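Take a walk through this fold with the viewer open. We start with the overall layout, then follow the strands, the cores and a few residues with unusual backbone angles.

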Amino acid sequence: MSGEREEPAERREARGWCWSVLDSPIGPLLLAATDQGLAQVVFHADEATAAEAVSRLTARLGAAPTPSPARGSDAGDDAGGTPDRLVHLGTAVRQLESYFAGSLREFTVPLDWSLTAGFNRRVLRELADHVPFGTVVGYGELADRVGDPGAARAVGVAMGSNPLPVVVACHRVVESGGGIGGFGGGLETKRTLLALEGILPQPLF
């Protein structure tokens, strides 16, 4: 995955950010972006969940969000000095729409990795860089890849804390015995994403 930008986890100065909610086949997704890139994707973002996520991000990022353009306007137009956070948000919206439409297989929106650190970040970056669309990897194999054999359970924890689901595709991490494993967005959401990528059959109804 190209376009990723990393900032050391210990840097916690206030930063500007913005957010919007995207309607998708797996329910509303809250997308939050900083000037570094897309920082968070939140599943099932109804009004209450979105409000909670915005409050949590305000505390984590040290600043209230800046206004986002109305849905349907062109957040990706950088003419006239549009802040990077709005450009990244617009890019994320368009790329996710293309992904769900079946026309995009690799996300290139810049990513802000500051909401994860340590082992979790290493595992998630390995996933983002080396487990492409339409493939899966086992929890244990992913642990091996980052040099921590036997840390399959810790990989599961890392997937559960992934701040960037769908874009950093934790739905592609499955059990070695053939089960699809757990998923923070719910197993039905995981099945839908795996079916979208051709890994599972599409549901009959």
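**A guided tour of the fold**

The protein has 6 helices and 7 strands. The model is predicted. Read from the N terminus, the elements run β-β-β-β-α-α-β-α-β-α-α-β-α. The chain has 205 residues, and 48% of them count as buried. The exposed surface comes to about 9600 Å². Carbon and sulfur atoms supply 53% of that surface. Sequence-distant contacts are also worth a look. Among contacts between residues at least 6 apart in sequence, 60% join residues at least 24 apart.

Start with strand E3, residues 29–34. How many of its residues are buried? The count is 6 of the 6, so E3 is largely enclosed by the rest of the structure. In a regular strand the side chains alternate between the two faces of the sheet. Check each side of E3 in turn. Leu-29, Leu-31 and Ala-33 are buried on one side. Leu-30, Ala-32 and Thr-34 are buried on the other. Both faces are covered.

Now look at the partners of E3. Strand E2, residues 17–22, runs antiparallel to E3 and is joined to it by 6 bridges. Leu-22 has Leu-29 of E3 as its bridge partner. E2 and E3 form a hairpin with 6 residues between them. In that turn, Gly-27 has a positive phi of about 100°. Strand E4, residues 38–42, is also antiparallel to E3, with 4 bridges between the two. Here Ala-33 has Leu-38 of E4 as its bridge partner. The hairpin of E3 and E4 has 3 residues between the strands. Gly-37 in this hairpin takes a positive phi near 155°.

Move on to the nonpolar interior. The largest nonpolar core has 45 residues. Those with the most contacts inside it are Leu-31, Leu-38, Leu-127, Met-159 and Val-166. Several elements give two or more residues to this core: E2, E3, E4, H2, helix H3 (118–130), H4 and H5. H2 supplies the largest share, 7 residues. Another core, of 12 residues, lies apart from this one. Its members include Trp-17, Leu-30, Leu-57 and Leu-115.

Next, look at the aromatic residues. The whole structure holds 4 aromatic pairs. One of them is Tyr-99 with Phe-100, in an edge-to-face arrangement. Their centres are 5.3 Å apart, and the planes make an angle of 70°. Both Tyr-99 and Phe-100 are buried. These two residues join Phe-107 and Phe-133 in one aromatic cluster.

Val-166 links to this region. It sits in the loop between helix H5 (152–160) and E7. Is Val-166 buried or exposed? Its relative accessibility is 1%, so Val-166 counts as buried. Beyond residues up to four places away in sequence, Val-166 touches Ile-26, Phe-43, Leu-96, Tyr-99, Phe-100, Phe-107, His-171 and Leu-193. The backbone of Val-166 also stands out: phi is positive, about 75°, although the residue is not a glycine.

His-44 is another non-glycine with a positive phi, here about 50°. This residue lies in the loop between E4 and helix H1 (47–61). At a relative accessible area of 37%, His-44 is partly exposed.

Now turn to Arg-85 in helix H2. What is its burial state? Buried means under 20% relative accessible area. Arg-85 has 14% relative accessibility, so it counts as buried. Which residues does Arg-85 contact, leaving aside neighbours within four places in sequence? They are Gly-16, Trp-17, Cys-18, Ala-33, Thr-34, Asp-35 and Thr-66. Two of these names are familiar from E3: Ala-33 and Thr-34 are buried there on opposite sides.

Finish at helix H6, residues 187–196. Its buried residues are Thr-189, Lys-190, Leu-193, Leu-194 and Ala-195. The cover over them includes helix H2 (84–100), helix H4 (139–145) and strand E7 (173–174). Leu-193 is also among the residues that Val-166 touches. After H6 comes Gly-198, with a positive phi near 80°.

How values were computed: Residues numbered from 1 in each chain as written. Heavy atoms only, no water. Buried < 20%, exposed > 50% of the residue type's maximum accessible area, 1.4 Å probe, protein only. Pairing = 2+ DSSP bridges. Contact = heavy atoms within 4.5 Å. Phe/Tyr/Trp six-rings, centres within 6.5 Å; stacked < 30°, edge-to-face > 60°. Areas by Shrake-Rupley, 256 points an atom, 1.4 Å probe, with all protein chains shown as cover. Core = buried A, V, L, I, M, F, W, Y, C linked by side-chain atoms within 4.5 Å.
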